[in-house]
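Colleague: I'd love a close look at the salt bridges in this model, please. Take your time, and tell me where the partners sit.

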Amino acid sequence: MADGTRQWVVRALVAVLVLSAGVVAVEFVAHARDPAAGDAAASQARQPYAERRAVAPPANGTTVITVQKFRRNFVVAFAPDGRVRYFDNSLDRYHDVDPVPEGTHTVEFVGAEYDGDTTHLLVRRVNLTTGATRDVYRHAVPRTDRPHRWHDVDRLDAHRLLVADIRDDAVFVVNTTTGERTYEWPAQAHFDTESGGQFPRDWTHLNDVERLPDGRYMASLRNQDAVVFVEPGRGVDASWTLGRDDAHGILYEQHNPDYLPGAEPSVLVADSQNRRIVEYRRENGSWVRTWSWRDEGMAWPRDADRLPNGHTLIGDTNSGRVLEIDETGTVVWRVDGLPSYDVERLGTGDESAGGRSAERLGLANRSPAAGSPSTTRPGRTVIPTRVSNTVAFVSPLWLSATGRAAAVVGLVAALALALPVVGGRLRRVLAAAARRGKP
């Protein structure tokens with residue numbers, strides 16, 4: 001390369017690097033001046049309750065949110081007036097959260113804490129009014145680089161828990177008094193290990209389970225893109241399975257399906273990699289899609305609950321938003337800066353237990369119009385969804401899609417500038433070593 005061309009390329013790379021760093025710096029300063037709800041909640045939780053200011057908009061009930069993102073893990077509860085009612089970040093991971101029968105101000109959440117090479121999986125009960133906590137169940141497993149932290153545990157009665165075991169690709173029932181497992185369904189009883197993800201490292205990524213009114217268990221196998229219905233003693237009813245491996249038009253690595261009972265029941269699902277909330281209704285022995293919702297900002301939803309008033313409460317991890325939409329699909333409540341895993345509105349029943357189906361409510365589909373940024377932006381079409389979601393998951397929440405793109409471009413420019421220097425130094429070292437090696 002001629003010296004003149006080389007100098008021009010270097011100047012261009014330096015300009016790109018400076019511009020990219022400027023974009024990232026501007027977003028960082030804006031975040032520091034106006035912290036998002038997650039940072040504000042941590043700060044407010046240190047104040048006496050009477051002195052706390054509202055962090056979230058007013059809502060019709062207490063909202064509990066578990067946050068699970070790269071290096072961001074906590075649980076927070078907002079009172080109806082928007083003040084922080086409870087905050088805890090003492091654990092290493094937080095996933096499912098559910099109200100418990102003792103009252104509307106008590107919840108149980110699933111968490112994990114690390115102790116060297118051991119991970120302690122736990123179900124912790126907390127009274128949001130008094131702050132009193134106790135662990136109702138703990139289980140230790142080896143800490144590995146494969147998924148091993150439970151994502152969902154549902155209470156069956158005073159002494160039994162239903163567990164979605166992501167580590168062993170199984171559903172089981174455990175008696176918390178005796179520690180005895182009274183029932184277990186392994187996914188290998190129905191699925192071939194060639195399906196889904198890599199076996200055994202992350203084969204099913206079993207992330208949700210729910211007991212249905214008729215006694216069956218509904219389980220979400222994320223990597224098989226399927227929701228299955230397990231009848232204890234008989235196994236999976238294949239005619240009820242919603243989705244199938246790699247049939248991404250139906251479901252694509254979903255989270256937190258909720259069962260809405262009725263003569264023709266429905267399932268409400270956070271269809272994560274498809275960036276939408278979707279509902280399927282059981283009609284004439286098949287599943288029919290009856291409703292879907294997304295907006296231009298939807299990035300990677302991992303929870304959706306249908307509330308008794310017909311609204312839908314949504315947790316969208318990679319956009320950092322928790323949304324409540326009404327029957328028309330309009331956002332009526334929103335908190336930013338919370339990359340949620342699970343969301344609950346207390347007093348409305350566990351998850352979607354108090355809600356009705358889209359068919360009964362007459363909900364209309366909602367998606368971005370053709371030509372909108374979410375359908376035309378290169379990052380949404382050229383870059384695979386898994387890649388873009390992974391980048392967003394490990395990036396700081398204050399970094400927007402534009403900021404992430406600037407950071408990537410700046411990193412490429414920095415590498416391009418560094419390679420000739422590193423390469424030249426390496427060549428000199430090798431040459432010197434060769435000279436020393438001559439007789």
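Modeller: Happily; here are the salt bridges, followed by the sheet that one of them touches.

This is a predicted model, in which local features need pLDDT of at least 70 and side-chain atom pairs count only at pLDDT 80 or more, while totals for chains, interfaces and linings use all residues. Residues are numbered from 1 along each chain as its sequence is written, and side-chain values use heavy atoms, with hydrogens and water left out.

A salt bridge here is a side-chain nitrogen of Lys or Arg within 4 Å of a carboxyl oxygen of Asp or Glu, and that rule gives a count of 20. Let's begin with R281 and E264, whose side chains meet with N and O at 2.8 Å. R281 belongs to strand β18 (residues 276-283), whereas E264 is in the loop between β16 (255-260) and β17 (266-271), 17 residues apart. Strands (E, at least two residues) and helices (H or I, at least four) are DSSP runs, numbered from the N terminus. R281 is buried at a relative accessible area of 17%, while E264, at 34%, is partly exposed; buried means under 20%, exposed over 50% and partly exposed in between, with a 1.4 Å probe and protein chains only.

Next come R321 and D295, with their closest N and O atoms 2.9 Å apart. R321 lies in strand β22 (residues 321-325) and D295 in the loop between β19 (286-293) and β20 (301-306), so this salt bridge ties together parts 26 residues apart in sequence. Both R321 and D295 are buried.

Strand β22 also holds E324, whose partner R345 is in strand β24, 21 residues away in the chain. The N to O distance for R345 and E324 is 3.1 Å. R345 has a relative accessible area of just 2% and is buried; E324, at 6%, is buried too. There is also a network: E113, R124, D135 and R138 are joined by salt bridges that share partners.

Now for the sheet around β24. Four strands form an open sheet in the order β3-β2-β1-β24, with antiparallel pairing, where two strands pair if DSSP finds at least two bridges between them. β24 (340-345) is an edge strand, as is β3 (84-88), each pairing on one side only. At the β3 end, four bridges join β3 to strand β2 (residues 72-78), and F78 has V84 as its bridge partner in β3.
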